[in-house]
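Hi,

Here is the structure I promised to pass on. Have a look at it first, and then read my notes below.

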Amino acid sequence: MKTQKKSSRPSGVRKATDRAKRHPDSRATLTEKRASATPAYAAQAPDTRLAPFQIRRREVRPQDVQLEILYCGVCHSDIHMARNEWKQTIYPVVPGHEIVGRVTAVGNKVTKFRSGDLAGVGVMVDSCRECVNCRKGLEQYCTVGMVLTYSARDRRTGEITQGGYSKRIVVHEDFVFRLSDALPLAGVAPLLCAGITTYSPLRHWKVGKGHKLGVVGLGGLGHMAVKFGASFGAEVTMLSTSPDKERDARRLGAHKFALTSDSAQLEKLAGYFDFIIDTVSAKHDYNAYLKLLATDGAMICVGIPPTSAEVEVFTLMGGRRSLAASGIGGIPETQEMLDYCAEHGITSDIELIDIASINDAYARMLKSDVRYRFVIDMASLT
Ligand code: NAP
Ligand code: ZN
Ligand code: ZN
């Protein structure tokens, strides 16, 4: 893509001429270009359960990649969006932005993929590509606005985008990621959102050896933050409301565990952390965690509760503490994260479900009963 320097182009990326020579069946690619009816699961309104629904995917444009979706992770953002908790949902909505699958067709100008490749799609499928942030590979902060994988408008046609709880998807190759075939594919899917959303701030704030990192909330994002934090060399403490998750937290890489409902345990950690990553999806008291930061410490919010929160300036001031937030990660950094995971054998701990169980999975996530990401086996959608 425009903003990527040649040197940062990942190895294994094929050039167009190469691909044209080697493409196994270019005729089949052409016949698959027509828009196709695609089975999916959708919410029709904030208070309806997700149910079978038919969508149409666009024709493959010259730089498009069509994927047969094999697995799709279930992010808490899917719940916020299906229920219009952020007041931006366009119905009917097919959620899902942790998408992995196999390439089944490519446009004639595609250079990165060919049919048969494994590939992934995350939270966004387009951006303006020209603004100051897009040029830096920070497409998630596109000043015009990134195009979300679902419940957004296609920049060219105005059609509503639909997500990964479906059989296939068509996306511009610049927003499609290469995947390693060495990792279990279902466990790779959550890296496309939970993975990059925690990897990106840890890298931006250079969290590593010698740092004390607190992770609030052990769900999809939280368990990836623990894995990356430990992998980068930080001392990781899990801050959880669920006492029965302690053993798992330690297995995932946490060195310490504190039960946040026990004020005595929190008091002992006052002024302790250099960084805190807050992944909590529901309303909670930020001040209780800000107090746990050391002088010059930073708390980075990645969880997005639907309601705004009060922050005590005195708590920030008494230690020059920072409160920040971070959104997913850009395209180059997401590929970097996927390559890092392939190199270090990092995947998400998942519970594989059939699509028919999606409403039950949502109910369990709302009770913090997730270990630690539900992933839909798309073979169950017929
Ligand atoms: P999740 O799997 O449901 O995990 C959330 C965890 O937060 C729960 O397992 C629970 O962990 C804890 N929690 C829940 N309610 C709580 C409460 N009232 N007080 C304290 N802790 C509570 O959710 P997720 O998929 O990781 O997503 C988390 C949040 O991140 C969501 O708001 C989502 O929309 C957002 N998100 C943001 C971005 C971004 O770009 N910034 C990207 C993806 C997702 P314990 O049992 O350990 O307490
Ligand atoms: Zn997500
Ligand atoms: Zn832009």
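**Notes on the model**

Pro92 sits in the loop that runs between helix 3 and strand 4 (99-106). Keep in mind that this is a predicted model, so please read everything below in that light.

That loop is a good place to start. The peptide bond joining Tyr91 and Pro92 is cis, with omega at about -10 degrees. Lys87 is also found in the loop between helix 3 and strand 4, and Lys87 has a positive phi of about 55 degrees although it is not a glycine. For context, most residues other than glycine have a negative phi, and most peptide bonds are trans. Another cis peptide bond leads from Arg371 to Tyr372, with omega near -15 degrees. Tyr372 belongs to the loop between helix 13 (358-366) and strand 17 (373-377).

Now the overall layout. The domain assignment splits the chain into domain 1 (6-193 + 349-380) and domain 2 (195-325). Taken over C-alpha atoms, the centres of domain 1 and domain 2 are 29 Å apart. Where they meet, 16 residues of domain 1 are in contact with 13 residues of domain 2. On the domain 1 side, the touching residues are 8 nonpolar, 4 polar and 4 charged by class.

Where does ligand 1 lie with respect to the two domains? Both domain 1 and domain 2 give residues to the shell around ligand 1, so the ligand lies between them. There are 30 residues around ligand 1, and those that come nearest are His76, Gly217, Gly219, Ser240 and Thr241. Helix 3 (76-82), helix 6 (194-204) and helix 7 (220-231) each supply at least two residues of that shell. If you plan to look at the chemistry of the site, the shell has 12 nonpolar, 17 polar and 1 charged residues.

Next, the sheet. This is an open sheet of 6 strands in the order 12-11-10-13-14-15, with parallel pairing. Strand 12 (256-259) and strand 15 (322-325) are at the edges with a single partner strand each, so one side of each has no neighbour in the sheet. On average, neighbouring strands of this sheet are turned by 20 degrees against each other, direction ignored. Strand 14 (residues 293-301) pairs with strand 15 in the parallel sense over 4 bridges. Within strand 15, Ala325 is the bridge partner of Cys301. Helix 7, already mentioned for the ligand shell, packs on the sheet and touches strand 10 (212-216), strand 11 (235-240) and strand 13 (273-278). The direction of helix 7 makes about 170 degrees with that of strand 10.

Finally, a helix pair. How do helix 6 and helix 12 (residues 331-344) pack? Their axes are 10 Å apart and the angle is about 100 degrees, which means that helix 6 is roughly perpendicular to helix 12. Helix 6 makes the contact with Gly195, Ile196, Tyr199 and Ser200, while helix 12 uses Glu333, Thr334, Met337 and Cys341. By class, the residues of this contact are 4 nonpolar, 3 polar and 1 charged.

That's what I have for now. Shout if anything is unclear.

Cheers

Conventions. Residues numbered from 1 in each chain as written. Chains lettered and ligands numbered in written order. Predicted model: local features only at pLDDT ≥ 70, side-chain atom pairs only at ≥ 80, totals over all residues. Near = placed C-beta within 6 Å. Nonpolar A, V, L, I, M, F, W, Y, C, P; charged D, E, K, R; others polar. Domains from an automatic or database assignment. Pairing = 2+ DSSP bridges. Axes fitted to C-alpha atoms, helices over the stretch in contact; angles between N-to-C directions. Contact = placed C-beta atoms within 7 Å. Parallel < 35°, antiparallel > 145°, perpendicular 65-115°, else oblique.
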